[in-house]
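Dear colleague,

I am passing on a structure that you have not worked with before, and I would be glad if you would look at it alongside the notes below.

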Amino acid sequence: MPEEIITIERHILEQERAYPEATGVFTSLLYDIALAAKIIARETSRAGLVQILGLAGKTNIQGEAQMKLDVFANQTIIRMNFYTGRLAVMASEEEPDIIPIPEGYPTGRYVLVFDPLDGSSNIDANASIGTIFGIYRRRTSAGPGTVEDCLQPGRALAAAGYIIYGSSTMMVYTTGNGVHGFTLDPSVGEFLLSYPNIRIPAEPKYYSTNQGNEKYWSEGVRRFTRWLQGMDEENPRKPLSGRYIGSLVADFHRNLLEGGIFYYPLDYKDPSNPKGKLRLLYEAGPLAFIAEHAGGYASDGQRSILDIVPDILHQRTALFIGNRDLVEMAERFIARYG
Ligand code: AHG
Ligand code: MN
Ligand code: MN
């Protein structure tokens with residue numbers, strides 16, 4: 001922990017000075033997200049006590065049963081950003097369509113895309129969960145934002161970040177000027193700078209994937225996994241340790257700090273229609289932006305996640321993310337073996 005006390009608000013303001021064209025609006029938008037995170041963190045830390053665990057009795061556009069905490073987190077972020085006049089439009093994993101700014105309220109220059117609660121299946125098991133967000137500049141010139149404002153490639157992001165509700169609550173974000181981590185001090189309700197300028201360590205430690213799906217992976221992904229485990233005689237390497245939490249944010253965060261690769265490859269259960277599970281717009285894209293600004297890389301197995309232009313809000317993708325050399329090796333195995 002650096003000796004001086006730097007709150008996320010002060011850090012964002014200092015970042016803003018590095019970008020003369022940045023208006024205070026962008027800074028305020030990041031504040032708003034930090035505030036929503038504190039509220040969600042409070043609810044998450046006492047979820048077991050206030051009967052907010054369990055199912056909300058509804059399903060979302062993904063056809064997944066919504067957890068009460070999913071719904072709470074989604075509503076908290078939406079309410080925090082509805083009336084500020086900073087956004088033109090929002091898109092959330094938990095909402096089928098774009099979330100327009102209510103009639104009669106001003107619209108702004110930015111677009112917020114988010115996964116309000118990532119790793120929902122872990123909520124009742126008290127494993128780490130998180131929130132993922134990306135901020136774009138709107139593409140349309142004025143008036144209510146449109147779906148076109150949301151369907152932008154990750155490379156166009158103005159900022160991206162996540163919050164991880166774990167043993168401590170951390171917020172990690174980048175505006176393209178380094179990746180910075182803040183730890184919530186609940187006694188003062190402030191996120192304090194704890195990991196300035198995060199860089200993925202050159203020497204990876206972990207590989208993270210759900211090997212229960214191995215039966216449905218392609219040949220290339222299976223061979224890549226054997227290589228990671230040091231079992232490829234043609235390309236010998238030191239075996240990596242397996243770590244899989246089942247919350248993308250938690251698995252990504254560990255690999256960002258310790259070095260490693262997370263991958264959720266295409267599922268070939270139906271060989272004629274291979275499917276990705278993770279969502280491009282509000283899971284893979286923002287984390288790919290963070291990974292690249294920390295010296296890493298993210299791919300769908302063929303190309304950079306940041307170059308994929310979404311056709312629809314809830315578009316799914318395969319995801320390989322972490323140390324650049326490991327992700328590029330995955331691409332080579334897939335290119336060679338499919
Ligand atoms: P969400 O809770 O937002 O739906 O995301 C869950 C995702 C991601 O967090 C995680 O990496 C993945 O689902 C786990 O999937 P499996 O349970 O199939 O491994
Ligand atoms: Mn998610
Ligand atoms: Mn989610």
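Of the 338 residues in the protein chain, 57% count as buried, where buried means under 20% relative accessible area, exposed over 50% and partly exposed in between, with a 1.4 Å probe and protein chains only. Please keep in mind that this is a predicted model, in which local features need pLDDT of at least 70 and side-chain atom pairs count only at pLDDT 80 or more, while totals for chains, interfaces and linings use all residues. Residues are numbered from 1 along each chain as its sequence is written, chains are lettered from A and ligands numbered from 1 in the order in which they are written, and side-chain values use heavy atoms, with hydrogens and water left out.

As to the overall form, the protein chain contains 8 helices and 17 strands, these being DSSP runs numbered from the N terminus (H or I of at least four residues for helices, E of at least two for strands). The radius of gyration, taken over C-alpha atoms, is 19 Å, which agrees with the value near 20 Å for a compact globule of 338 residues, the globule rule being 2.2 Å times the number of residues to the power 0.38. Among the contacts with a separation of 6 or more, 62% join residues 24 or more positions apart, a contact being heavy atoms within 4.5 Å.

The remaining notes concern the metal sites. The manganese ion (ligand 2) has as its protein donors Asp115 (OD), Asp118 (OD) and Glu283 (OE), at 1.9 to 2.1 Å; donors are N, O and S atoms within 2.8 Å of the metal (3.2 Å for Na, K and Ca), and because water is not among the atoms, sites may look incomplete. Asp115 lies in strand β5 (residues 110-118) and Glu283 in helix α7 (residues 280-293), so this pair ties together parts that are 168 residues apart in sequence. Both Asp115 and Glu283 are buried.

The manganese ion (ligand 3) is coordinated by Glu93 (OE), Asp115 (OD) and Leu117 (O), at 2.2 to 2.5 Å, and these donor residues follow the spacing E-x21-D-x1-L in sequence. Asp115 therefore bridges the manganese ion (ligand 3) and the manganese ion (ligand 2), which lie 3.7 Å apart. The relative accessible area of Asp115 is 0%, and Leu117, at 1% relative accessibility, counts as buried as well.

With best wishes
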